[in-house]
Amino acid sequence: MYHAIGHRPAASTYGLSVSPEAFADQMELLHDRGFTPVTPARLAGAWRAGDPLPERPVLITFDDGYAGVRRHALPVLASYSFAAGLFVSTGWLRGRYDTGGAPDTMLDWDEVRELAAAGVEIGGHSHTHPQLDQLDDVRLTFEIRRCREILATELGAPPASFAYPFGYSSRRVRHTVRTAGFAQSLAVGNALARRAQGPYALNRVTVRRSTGLAEFAHLVEGRALTRAFALDRALTKGYALVRRARRAGAVVRGRPTAAA
């Protein structure tokens with residue numbers, strides 16, 4: 001899972017960014033080690049139907065929709081004929097639907113269409129990138145359905161895949177994504193994706209600015225994941241309790257009281 005690819009990303013995205021040179025080295029490593037990138041839709045479809053996947057399948061995904069994906073990542077992907085997936089927050093992209101608030105320079109719609117034409121699967125990532133599990137039902141439905149409607153309008157076909165902003169989901173969020181028409185969705189988890197996770201909670205591994213090439217090699221081989229992401233998992237478990245408490249509090253505050 002990648003975010004921004006660039007030399008000088010915004011401070012707010014720096015930690016989750018990757019330099020163009022590091023990205024090129026990482027893709028060369030995948031090529032040299034015989035990995036075959038597939039799209040999220042192909043992976044989920046193969047698991048559903050029991051179809052065979054290529055040797056050493058791997059997903060290369062980008063979240064949010066940063067401009068550097070077109071400028072820096074696409075030429076490298078094309079040089080190896082690598083498939084990839086891009087999950088965009090439609091209200092962050094430059095153009096008619098822009099709601100403001102994007103943390104860095106984003107793609108515009110012509111660039112998104114160029115990526116789609118090059119074989120990158122374009123998926124949904126909500127409209128304004130909120131914490132979906134903290135929204136009420138009306139806002140949650142809007143965020144997911146509005147994103148899907150805009151992508152269908154701009155690309156000529158509805159997207160098949162979704163990725164949760166911040167990686168967080170809940171049973172309610174996953175149900176809303178499914179009923180909106182998405183066939184599969186991706187979380188984070190910092191673990192390998194497995195069929196048993198089901199099509200609406202597939203794990204991904206985070207690649208950061210600090211991820212060196214040796215560590216990247218371990219991650220894609222599925223080695224040392226527990227050690228590499230021990231702090232992330234501890235923080236995630238703690239924050240999950242906080243998020244559930246916040247959501248429960250919001251539900252109680254929003255509950256109508258009986259008249260005396």
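In this predicted model, T105 touches Y66, A67 and R94, when residues up to four places away in sequence are not counted. T105 itself is placed in the loop between β4 (84-88) and α4 (109-117). The contact with Y66 brings together two residues that are 39 apart along the chain, with their C-alpha atoms separated by 6.1 Å. Because its relative accessibility is 48%, T105 counts as partly exposed.

The loop between β4 and α4 also holds T90, and here the picture of accessibility changes. With a relative accessible area of 0%, T90 is buried, since the limit for that class is under 20%. Leaving aside neighbours within four places in sequence, T90 is in contact with Y97, W109, S126, H127, C147, I150 and L151. For H127 there is also a polar contact, in which the side chains of T90 and H127 are joined at 2.7 Å. Three of the residues that T90 contacts, C147, I150 and L151, are listed among the buried residues of α5, and that helix is a natural place to go next.

Helix α5 spans residues 137-155, 19 residues in total. From the first C-alpha to the last, α5 reaches 27 Å, close to the 27 Å expected at 1.5 Å a residue. Which residues of α5 are buried? They are L140, E143, I144, C147, R148, I150, L151 and E154. These residues cover an arc of only 160° around the axis, which means that they lie on the same side of α5. V138 and T153, on the other side of the helix, are exposed. The cover over the buried residues of α5 includes β4, α4, β5 (120-124), β6 (161-163) and α6 (171-179).

Both ends of α5 have a local feature worth a look. At the start, a side-chain oxygen of D136 comes to within 3.2 Å of the backbone nitrogen of V138. After the helix comes G156, and its phi is positive, near 85°. Within α5, the buried residue R148 also takes part in a charge-ring arrangement: its charged end sits over the ring of F182, 5.5 Å from the ring centre. A second arrangement of this kind involves R56, whose charged end sits over the ring of F35 at 4.2 Å from the ring centre.

Turning to pairs of aromatic rings, the count comes to seven. One of them is formed by F23 and F62, and because the ring planes stand at 50°, with the centres 5.8 Å apart, this pair is tilted. The pair links distant parts of the chain, as F23 belongs to helix α1 (residues 20-32) and F62 to strand β3 (residues 61-64), 39 residues apart. Both F23 and F62 are buried. Together with Y2, these two residues form one aromatic cluster.

The segment before α1 contains S19. S19 has a relative accessible area of 18% and is therefore buried. Its side chain has a polar atom 3.0 Å from the backbone nitrogen of A22. When residues up to four places away in sequence are not counted, S19 touches I5, G6 and R209.

T211 is found further along the chain, in the loop between β8 (202-204) and α7 (213-220). Is T211 buried or exposed? At 8% relative accessibility, T211 counts as buried. A polar atom of the T211 side chain lies 2.9 Å from the backbone nitrogen of R208. Not counting residues up to four places away in sequence, T211 touches Q26, T206, F216 and L219. T211 and G15 are 196 residues apart in sequence, and their C-alpha atoms are 10.0 Å apart in space.

These local views can be set against the protein as a whole. The protein has nine helices and eight strands. Of its 260 residues, 45% are buried. Among contacts with a separation of 6 or more, 62% are between residues 24 or more positions apart.

Terms used:
Residues are numbered from 1 along each chain as its sequence is written. This is a predicted model: local features need pLDDT of at least 70, side-chain atom pairs count only at pLDDT 80 or more; totals for chains, interfaces and linings use all residues. Side-chain values use heavy atoms; hydrogens and water are left out. Helices (H or I, at least four residues) and strands (E, at least two) are DSSP runs, numbered from the N terminus. Buried means under 20% relative accessible area, exposed over 50%, partly exposed in between (1.4 Å probe, protein chains only). Contact means heavy atoms within 4.5 Å. The expected span of a helix is 1.5 Å times one less than its number of residues. The arc is that of the directions from the helix axis to the C-beta atoms. A polar contact is a pair of N or O atoms within 3.5 Å; within protein, one must be able to donate a hydrogen and the other to accept it, and residues adjacent in sequence count only if both atoms are side-chain atoms. Rings of Phe, Tyr and Trp (its six-membered ring) pair if their centres lie within 6.5 Å; planes under 30 degrees apart count as stacked, over 60 as edge-to-face and the rest as tilted. A charge sits over a ring if NZ of Lys or CZ of Arg is within 6 Å of the ring centre and within 35 degrees of the ring normal.
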